[in-house]
Amino acid sequence: MFRAITSHSGAQIAMSTASNALRRSGSGSASTKIVGPLASKLKDIRQNTHTNLKMQLQKSLSPSKFSEAGGLAEQIETTEPDFEQLHSQVEEFIQGNKNDPEAIVSALKYLNSQLMILSTAERHLKAEDAPVKQSLVHGLNSLIKNTASRGESIVQRLSNTKISPVFTAHPTNFNKPQASEIVLSQLDDIATPQGNAKVCRELWDIQGVRELKPTVQDEANQFSSNIRHLHSSGRTIHKQINQQLSALPEKLKLSKPLVEAGNWVGGDRDGNPNIDAKVLKDVVKTLSTAAFEYFEQKTGKEKNAQTGSLCNLLCKAGHAEALVQIREKLTRTREHLVGDGPLPIHGDLYLNANELLNDLSSLNIDQLSVEEQNTVRGKLDLLQLDADSIGFHGASTDIRQNSAMNEKTVGELLRRSGGPANYESLGENEKQTLLSSLLMNTNKAALSDKPIDGQSDNAEFDREIALIKSYKTIHDSYGPQTLKNCITANTETMSDMLEVMLLLKHAGLADDHGIKMNVVPLIETVDDLHNGPAILNSMLSHSWYRQALQASGNQQQIMVGYSDSNRLDGPLASSWAVYEGTAKMLEVARQTGVNLHVFHGRGGTEARGSGDSYSQEIKSTNGASLLTGMRQTEQGEEVPAKFGTKTMSQANLADMVSSTLETMATGTDQQIEKYADTMGKLADHARNSYASLYSNPELPHFFQRSTPIEFVGKSNAGSRPASRANTADGGLKLDKLRAIPWVGAWYQSGSAMPAFFGTGTALKNFIDQADGSTTTAQRTEQLQTMYKEWPFFKSFVDRTATAMQKADMQIAQRYAELAPTQSQAVFESIKNEYELTKNLILTIKQTPNLMDHNPVDAEIMAVKKPLTQAAHAMQIGLLKAHQQAGPEIQEKLVEPIVMSMQAIASANRFG
């Protein structure tokens, strides 16, 4: 047991009851008894999977090696092993097999297969049990009541609302896509003896490290099935909403789609040198193919014989020949837009999906019965919503680039146009003046991207300009919905926005009559979030931009980031900066008469803003920020986890939609003003505490040696690099490390530090700073009241508690021992902060159980715990062996180390 905090402060007294309730201090809480139906089903699946995987283990190894590996598997399954004993046995196993790690690889295949199957089955079972229709009814009813009280039209309000999960290929999915697909495609049979055995056989054969990094096109192909599931789920959501609206006395229906698919694959250029104009166009083709397949499926010839289908009823009305012509025209259009080569197209084409709908809607149905006519109209209404949301583009691809790259591109463009040679070194006011004059045409200089005579080649600029110019070509071919958003990462100043506007103008996508793409600032760090309202005010006060914005719909989108703010300033300061900054930017937009659409850049872990469900994430949001809808990233591993099957997609999308509608109805968060002062103090204390760790000169050494960070890039999980740069000697530069590997490596090494560090210190300081008007007990009670009545604070506390339940300081201690002696103080501070945070979280929740807000997931974690512990023991042993070995053995251990990372990520997610 680790040493307790010894100060007898007010906070320590307040913690005592909760602290005494813990059975041990090293991990989240006491052992959890399995009694719930979902966890019980998973335990049965685990037992069946163990039996079948052990057979595969036996087939793959010699009798002597199977005796070792099989013995470990049996021990993990039949008992909840003591971690220290398990660690010792695993270390001996690794040391004995490191020269020929065949048995180690097989043992890791066993662990990862188990954890993949359990985690995927968990999501599937939850989705099957989800009250999809009831939640939608509740969400819409909440909004209807709120809208009626405001004297507004519910249809108009819904028409202004867009709900969009946005798929990104961030490198968090360590497992082979083929392995994930094996499990996803057989979930209905995984609980049966025969079905489980089949999955285990197939999964065993394909398990292992991804041989190559995926290309951007590979990532687009991998997400194609998820996009198709989202298309289907969106239609079902629209259908159920329409059924509810039609039951109202006014017999209403949606006038615009509520759900829209978003995509970053092929458009996220920030730090990804693999994306150019051709790659973007190829990804757009892939998404367009999915759209054409959707409409071909809805209007296909086989539908003629499907009783009650749209085509069946139109044939009944005498339009079989017209449907043939419509299908042929749709096929020609597909060949024109997504065909492999320049084909001579004979006959007319559809310019967009709405023209397809016009052809179908123009067919006379007077011959049908009244009931059949109503059925046709209902199906056409849904297909019209599909045409508006899916179109021929499939999903709206966002463009994202870093502000620094945009500055370089504009600088070179100006130099080639006879402008200043030193644009990048101009002051902010000088930049704004110059860029504004070019936008408003007061500066008559003609922009040219042609190289000046005698100028050396600039391949980077040529690639950027070619890509930017391709946006117009894509708009002309697939429609403006294809590329709607131009996002600037690391937005810090107004000139960052003006540079994007100028580049869009140069590409022919912006003029005085409007901007064809949304100019979106991505505001990420705590300092930038504090400055966000000023940046937004500058944008909305700019005469040229304001005129163009009004001509384009008068809606401004902003993106708030949860990643770099967490990496640089810690979880509490990050969460509050996002929440408060968003509220202040909403007020700026309100005062200027502009509608604000907020885009949330969440990750997959608690540290990067993720909750246990859309419901937890969205219902803790300021309702005022949802008046135009909800947009949120789904990164890497989260895409198949939420949209990997039709059942999962339906349940998760329904949760997203219903939670958005319900929270919209709550309006402006009335608790912000009441608790802003307290949160500001907590955030400042937390930020200072986190800074003391982040600035510790020993932290890079500790992090590099005690976590598997150096192997993240060898996982081949994504097309972009894990880090922007290292030192010349291969050392780690924390300021260049991306947030995903930073967070992921801490979760991998047992502590989940970025999810809690600084929080306990902040809470303790707040409680201890009692003055003459309040006592420590009263300040503790204030935090408890905040937890009970403020959804934002409750969500933050519960997310922190969940991450701490996943963490285990006993395991983290063993990782820490891999680091140099002089950096061990880093772990001491992490361990102490963990204990302090845990005890104060329990005090605020007024419970001895970290997971009392989600007992179902607590049981599920308990089902996985023996396997997760074993995966950690394997990784610790492998990292130690790698550090001690020579180059030849080190090379042999890379594969098993990455496989151990796969297993841990399968249990708890990566980044």
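Reader: Why is Asp188 called exposed?

Author: In this predicted model, Asp188 has a relative accessible area of 62%, and exposed means over 50%, buried under 20% and partly exposed in between, with a 1.4 Å probe and protein chains only, so Asp188 counts as exposed. Asp188 is placed in the loop between helix 8 (177-184) and helix 9 (193-206). Residues are numbered from 1 along each chain as its sequence is written. Local features need pLDDT of at least 70, and side-chain atom pairs count only at pLDDT 80 or more, while side-chain values use heavy atoms, leaving out hydrogens and water.

Reader: What makes Lys408 and Glu460 a salt bridge?

Author: Their side chains meet at 2.8 Å, N to O, and a salt bridge is a side-chain nitrogen of Lys or Arg within 4 Å of a carboxyl oxygen of Asp or Glu, so the pair qualifies. Because Lys408 lies in helix 16 (residues 403-416) and Glu460 in helix 18 (residues 459-478), the pair ties together parts that are 52 residues apart in sequence.

Reader: How do you know that Asp449 is buried or exposed?

Author: The relative accessibility of Asp449 is 10%, so Asp449 counts as buried, whereas Lys469, with which Asp449 meets in a salt bridge (2.8 Å, N to O), counts as partly exposed at 38%.

Reader: What makes the span of helix 26 agree with the expected one?

Author: The expected span is 1.5 Å times one less than the number of residues, so the 19 residues of helix 26 (residues 646-664) should span 27 Å, and the end C-alpha atoms are 27 Å apart, which agrees.

Notes:
Helices (H or I, at least four residues) and strands (E, at least two) are DSSP runs, numbered from the N terminus.
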